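I opened this entry to record what I looked up, beginning with charged pairs and moving on to rings, cysteines and the sheet.

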Amino acid sequence: MSIVPSVPDRSRADHLAALRAELAHARAARGPVLPFGLGIVDDRLADHGLDGGGLHEVAAASATLNDDAAATLFAAGIAARFAAQPNFSVFWALTRFDLYAPGLEQVGLCPDKVFYAQAQKDSAVLAMAEDALRDGSLACVIAEVRQADQTATRRLQLAASDGQTPILLYRRHRSRERCPLGGLSSAMTRWRIGSVPSARLPHAGIGRARWSIELVRQRNGNPFSIELDACDDTGRLALPATAADRAAPAAGAVNQAA
C-alpha cells in the first residue's frame, strides 16, 4: 500500500527544491570558482580562485591563540563570500564550540547564516560534513578536526564534487608544534594562516589586522606566501596600503579584494 505524503511534507520538499535551484543558479552566475579578487593571489592559483566543488584545508601557522583566531576568521571570511546570496547558509561542524560570534560577524558571517553541529569525535564531524556536502543545498561547509587521513579527505573531496558544495577543513587543535598539513591529503588547496604585526597608525588606535597567508600546496600549481590585510565585514582580504600604493601606477587602479 502506497502512502501519500502530507501537504506540509510536500511543501517542505518544494521549498527545498526551490532553494537548491536558486543555489545552482547563483553558482552558475558566480562561476566554478570563487576568486579572491586580488591579482597577486588569483594569478598564482591554478584555478584563479577556490574551486566551488572542492576540498580546501586550513591550518594555523602555530598553536598560539592569535594564529588560531586568524585561521578561523580566514575560513569564516571565505565561507561568508560563498554564502553572500540571500537565504544561503553555511554548515559548521566541530567537536568543541568556542567560536566568538561577534568576531565571525566582523568578517561577514552573520549568525543567521550558520548552522552549527557539535560532535564528540572527529569521525562524527567528518561524517556530518560529508552528509551536508552530498545534500547540495548549502553554500559552504566548514569542519573542524584534529586529524583526517587521506581516506577521509578523499571522501570529502568526492562528496564536495557530487554536491557541488565547497568544504573548508580546518585542521585545528594541533599538538605541540607539529603542522597538521604535513600528511597526505586529497585537498585542492592547503592554506597556513598566521598573524603578523599590522601597519603603524599615524594616530592612537587599533589598525586593521594583518595575516601571513601561505598556500602550502595546490593541485597543478606552485606554493606561495604573502602578507595581506585581514578580512573586512564582507569577508574580503586586501593588499596592505603600502603595497597597494606601489601597485597603483602599474595597474592603473588599486585592486580591491573579493
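Asp229 came up first, and in this predicted model I find the residue buried, at 10% relative accessibility. Its partner is Arg210, with which Asp229 forms a salt bridge whose closest N and O atoms are 3.1 Å apart. Arg210 lies in strand β9 and Asp229 in strand β10, so I note that the pair ties together parts that are 19 residues apart in sequence. I checked the arginine as well: Arg210 has a relative accessible area of 14% and is therefore buried, since the cut-off is under 20%.

I then went through the other salt bridges, of which the count comes to 11. Glu57 forms one with Arg190, where the closest N and O atoms stand 2.6 Å apart. Because Glu57 belongs to strand β3 and Arg190 to strand β8, this pair ties together parts that are 133 residues apart in sequence. I looked up both accessibilities and wrote down 0% for Glu57, which counts as buried, and 4% for Arg190, which also counts as buried.

Glu214 and Arg192 form a further salt bridge, with 3.0 Å between the closest N and O atoms. Here the link runs from strand β9, which holds Glu214, to strand β8, which holds Arg192, and the two are 22 residues apart. Glu214 has 28% relative accessibility, so I entered this residue as partly exposed. I also noted a network of salt bridges that links Asp68, Arg96, Asp98, Glu144 and Arg172.

Next I turned to the aromatic rings, for which the count is seven pairs. In one of them, Phe74 and Trp191 are tilted, with 5.7 Å from centre to centre and 50° between the planes. Phe74 sits in helix α3 and Trp191 in strand β8, so far along the chain that 117 residues separate them. I found both Phe74 and Trp191 buried.

Phe74 also pairs with Trp211, this time edge-to-face, at 6.5 Å centre to centre and 75° between the planes. That pair joins helix α3, where Phe74 lies, to strand β9, where Trp211 lies, across 137 residues. Trp211 is buried, as is Phe74. Following the ring pairs onward, I arrived at a cluster made up of Phe36, Phe74, Trp191, Trp211 and Phe224.

How many disulfides are there? I recorded zero, and I also looked at the accessibility of two cysteines: Cys179 counts as partly exposed at 24%, whereas Cys231 is buried with a relative accessible area of 11%.

Last, I traced the sheet that carries these strands. The sheet is open and has eight strands in the order β5-β4-β6-β7-β3-β8-β9-β10, with mixed pairing. Its edge strands are β5 (114–118) and β10 (224–229), each of which pairs on one side only, and the twist averages 20° from one strand to the next. Within the sheet, β8 (residues 189–196) and β9 (residues 210–218) pair in the antiparallel sense over eight bridges, and Thr189 stands opposite Gln218 in β9.

I closed with the helices on the sheet. Helix α3 (residues 65–82) lies across β3, β4, β6, β7, β8 and β9 and runs at about 125° to β8. Helix α5 (residues 122–135) packs on the sheet as well, touching β4, β5, β6 and β7, and its direction makes about 170° with that of β6.

Notes: Residues numbered from 1 in each chain as written. Predicted model: local features only at pLDDT ≥ 70, side-chain atom pairs only at ≥ 80, totals over all residues. Heavy atoms only, no water. Pairing = 2+ DSSP bridges. Helix = DSSP H or I, 4+ residues; strand = E, 2+ residues; numbered from the N terminus. Axes fitted to C-alpha atoms, helices over the stretch in contact; angles between N-to-C directions. Contact = heavy atoms within 4.5 Å. Phe/Tyr/Trp six-rings, centres within 6.5 Å; stacked < 30°, edge-to-face > 60°. Buried < 20%, exposed > 50% of the residue type's maximum accessible area, 1.4 Å probe, protein only. Disulfide = S-S within 2.5 Å. Salt bridge = Lys/Arg side-chain N within 4 Å of Asp/Glu carboxyl O.
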